[in-house]
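Here are some short exercises on one protein chain. Try each task before you read its solution.

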Amino acid sequence: MSRLLSQISEGGRAVIGMVQLPPLPGGANYRDGSVDDVIATARSEADILSSNGIDALMVQNLGDIPVHQKTSVEQVAWMTRVTSEIVAAATCPVGLNLLENDARAMMAVASASGADFVRIKIYVGAMLTPFGIESAQAHAAIKARNALGAGDVAILADVHDRTGTPIATGGFEEDVEFALRLGLADGLVLTGKTYEQTLDMVARARARYPDAPLFVGGGVTGENFAEAMAQANGAFVSTAMKDSGSAVGRFVPQMVKDFMAAARRAP
């Protein structure tokens, strides 16, 4: 079983720090630079998070926005190398997300690098995103996990992620059911376009599936952590630990320490 999900099943809450990568070759923004440069940046960010008590890490190719709908072979190769280095150095669970929403590529990287989980932004249904219409990846994810013998890699599926608009959907509750019952997701990531909408989504998902692992995908701060975790099991965090006011930028050790202190104090 995934280490992250084991922690959740034992009653713990997980703060997952997002290690955002600079542009990778094959992406829209890559110009030059070595894989060692990317590893050094990622290791530095991961070390700040780990040394200040983070529960888990997630490696993400934020620097590749705007993204295509398929990941390039170069991105897969470099993502595998970087994630492998983070997994080898970290004592906590490490997961990954490719913003291309390419589940087959994500599962390949996870199986080769020893990652603990993948986060898939469009898992059931279809979404209109800033970069086009993207469709369900449940089939690709489950097929790849089985084919690669990666049964311990957890699938965390976003439902109605804030970066897109759902199309041809029967509604939020139906898509929650589809992700868990038909898509076989191991947990859900829920993020509304506002913090209030996020809380509403979590409450509605929890009412339908009392035992499902639920994660808040964004908007969590030290100040609202207790409220956000009232019905959730964990949160993905980036901006609240940086002085840039956005997911872009470097982690500030004191801000990470303060966030984790607030998280540990929360009832």
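**Exercise 1.** Is the crossing of α4 and α5 left-handed or right-handed?

*Solution.* This is a predicted model. Start with the two helices: α4 covers residues 103-113 and α5 covers residues 138-147. Their axes come within 8 Å. The crossing of α4 and α5 is right-handed. On the α4 side, A103, R104 and M107 make the contact. On the α5 side, A140, A141, A144 and R145 make it. Sort these contact residues by type: 5 are nonpolar, none are polar and 2 are charged.

**Exercise 2.** Explain why α4 and α5 count as roughly parallel.

*Solution.* Take the angle: the axes cross at roughly 30°. Apply the cut-off: angles under 35 degrees count as roughly parallel. Therefore α4 and α5 are roughly parallel to each other.

**Exercise 3.** Decide whether R119 is buried or exposed.

*Solution.* Locate R119: strand β4, residues 117-120, holds it. Its relative accessible area is 2%. Buried means under 20%, so R119 is buried. Now list its contacts, setting aside neighbours within four places in sequence. Among them are M18, M58, D158, D161 and F236.

**Exercise 4.** Test the chain against the radius of gyration of a compact globule.

*Solution.* Count the residues: 267. A compact globule with that count would have a radius of gyration near 18 Å. The chain has 17 Å, which agrees. Add the box: along the principal axes, the C-alpha atoms fill roughly 45 × 40 × 35 Å. Buried residues make up 54% of the chain. Last, the secondary structure comes to 9 helices and 11 strands.

Key:
Residues are numbered from 1 along each chain as its sequence is written. This is a predicted model: local features need pLDDT of at least 70, side-chain atom pairs count only at pLDDT 80 or more; totals for chains, interfaces and linings use all residues. Side-chain values use heavy atoms; hydrogens and water are left out. Axes are lines fitted to C-alpha atoms, for helices over the stretch in contact, and angles run from 0 to 180 degrees between N-to-C directions. Helices (H or I, at least four residues) and strands (E, at least two) are DSSP runs, numbered from the N terminus. Angles under 35 degrees count as roughly parallel, over 145 as roughly antiparallel, 65 to 115 as roughly perpendicular and the rest as oblique. A crossing is left-handed if the near helix is turned anticlockwise from the far one by less than a right angle, and right-handed if clockwise. Contact means heavy atoms within 4.5 Å. Ala, Val, Leu, Ile, Met, Phe, Trp, Tyr, Cys and Pro count as nonpolar, Asp, Glu, Lys and Arg as charged, and the others, Gly among them, as polar. Buried means under 20% relative accessible area, exposed over 50%, partly exposed in between (1.4 Å probe, protein chains only). The radius of gyration is taken over C-alpha atoms; the globule rule is 2.2 Å times the number of residues to the power 0.38.
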